Amino acid sequence: MRILDDITNFIFLEDISLEWPMEEGHSMKEGPSMEEGHSTEEHRPITPAGKENPAKADIIFIPGGSWPELPERAAQLWKAGAAPYIVPSGRYSVTVGRFAGAKSKADVYGKDYTTECEFYTDVLLTGGVDPDSIIPEAEAQFTAENARFSRKVLDARGLHPKKAILCCKAYHSRRCLMYYQANFPDTEFLIAPVYLDVDRENWYRTDRGRQKVLGELKRLGTQFTPELTPEFIEILKH
């Protein structure tokens, strides 16, 4: 049905498939990387040894959440040389008021984490990411703040990515991209989606899938406002 195809193709974005990388072990630490205070013109991402892939980037962003599969995927990409830095973002959901724990793999990640960022960081370290490659952001409580506050922590370090990877839930990818593009207008984004129980093939078959995907459509129409993206206020002034 065409309307299902249109919704699916709009909501579910994918630039980096789960099949890439096929091999791990190529770290960006093996060569020069984007240093603090250097301009983006001075930085050139490195191709992992023996690979040519559009996933080469300056940074990997992980919007906040409770699923370990997101930072696990980010760690896999980092180890393959996709980018030298990872920004795990999130305090806890504004609707819950605390970090309620991992939504899967509690046997591995069952610690008493204070924030989503702390949780994500532990998953990244467990996955072999160098601590010096992790740039934490621990204040955001919803997607717009994930993007906005991630921009602030990078600006504070003098880091200005030319290309970035968004590692997010598959059905959340369009809204994540919307906010990160608004806050990083000069950055090219690639999407590395993580498929959980809702994917592009089955979302319309279950109540949960319809709730998640159609809920994203609604939020895309109601959340993209100047109040949630202060950068737009500056644009409107000129």
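In the predicted model, the buried residues of helix 5 are S173, R175, C176, L177, M178, Y179, Y180, A182 and N183. Helix 5 spans residues 173-183, and nine of its 11 residues are buried, so this helix is largely enclosed by the rest of the structure. Across the chain as a whole, 50% of the 238 residues count as buried.

The secondary structure consists of seven helices and four strands. Along the sequence, these elements follow the pattern α-β-α-β-α-α-β-α-β-α-α. Among the contacts in the chain with a separation of 6 or more, 78% come from residues 24 or more positions apart.

Helix 5 is followed by a loop that leads to strand 4, and T187 is found in this loop. T187 has a relative accessible area of 11%; a residue is called buried under 20%, so T187 is buried. A polar atom of the T187 side chain lies 2.7 Å from the backbone oxygen of P161. Not counting residues up to four places away in sequence, T187 touches P161, K162, K163 and A164. P161 therefore appears both as a residue touched by T187 and as the residue whose backbone oxygen lies 2.7 Å from the T187 side chain, given that contact means heavy atoms within 4.5 Å.

Strand 4 covers residues 188-194 and contains F189. The relative accessible area of F189 is 9%, and this residue is buried. When neighbours within four places in sequence are left aside, F189 is in contact with D15, F61, A164, L166, L177, Y180, Q181 and F184. Two of these residues, L177 and Y180, are also listed among the buried residues of helix 5. A164, another residue in contact with F189, is also touched by T187. F61 and F189 are separated by 128 residues in sequence, while their C-alpha atoms are 10.0 Å apart in space.

Two buried residues were examined in the loop between strand 2 and helix 3. Strand 2 comprises residues 85-88 and helix 3 comprises residues 116-126, with T115 in the loop between them. Y113 is found in this loop as well. T115 is buried at a relative accessible area of 12%, and Y113 counts as buried at 5% relative accessibility.

The side chain of T115 reaches the backbone nitrogen of E118 at 2.9 Å. Beyond residues up to four places away in sequence, T115 touches G90, R91, F99 and A138. For Y113, the residues touched under this sequence restriction are F99, E118, F119 and D122. F99 is thus touched by T115 and by Y113, as contact means heavy atoms within 4.5 Å. The side chains of Y113 and D122 are joined by a polar contact of 2.5 Å. Y113 and R98 are 15 residues apart in sequence, and the distance between their C-alpha atoms is 9.6 Å.

Helix packing was described for two pairs of helices. Two packed helices are described by the angle between their axes and the distance between the axes. In one pair, helix 2 (residues 69-79) and helix 3 pack at an angle of about 40 degrees, with their axes 8 Å apart. This angle makes helix 2 oblique to helix 3. The crossing of helix 2 past helix 3 is right-handed. On the helix 2 side, the contact involves L70, P71, E72, A74 and A75, which meet Y120, V123 and L124 in helix 3. Seven of the residues in this contact are nonpolar, none is polar and one is charged.

In the other pair, the axes of helix 1 (residues 2-11) and helix 6 (residues 207-222) come within 11 Å and cross at roughly 70 degrees. Helix 1 and helix 6 are therefore roughly perpendicular to each other. Helix 1 passes helix 6 in a crossing that is left-handed. The residues I7, F10 and I11 of helix 1 meet V213, L214, E216, L217 and L220 of helix 6. The contact of helix 1 with helix 6 is made up of seven nonpolar residues, no polar residues and one charged residue.

Key: Residues numbered from 1 in each chain as written. Predicted model: local features only at pLDDT ≥ 70, side-chain atom pairs only at ≥ 80, totals over all residues. Heavy atoms only, no water. Buried < 20%, exposed > 50% of the residue type's maximum accessible area, 1.4 Å probe, protein only. Polar contact = N/O pair within 3.5 Å; in protein donor to acceptor, adjacent residues only side chain to side chain. Axes fitted to C-alpha atoms, helices over the stretch in contact; angles between N-to-C directions. Parallel < 35°, antiparallel > 145°, perpendicular 65-115°, else oblique. Left-handed = near helix turned anticlockwise from the far one by under 90°. Nonpolar A, V, L, I, M, F, W, Y, C, P; charged D, E, K, R; others polar.
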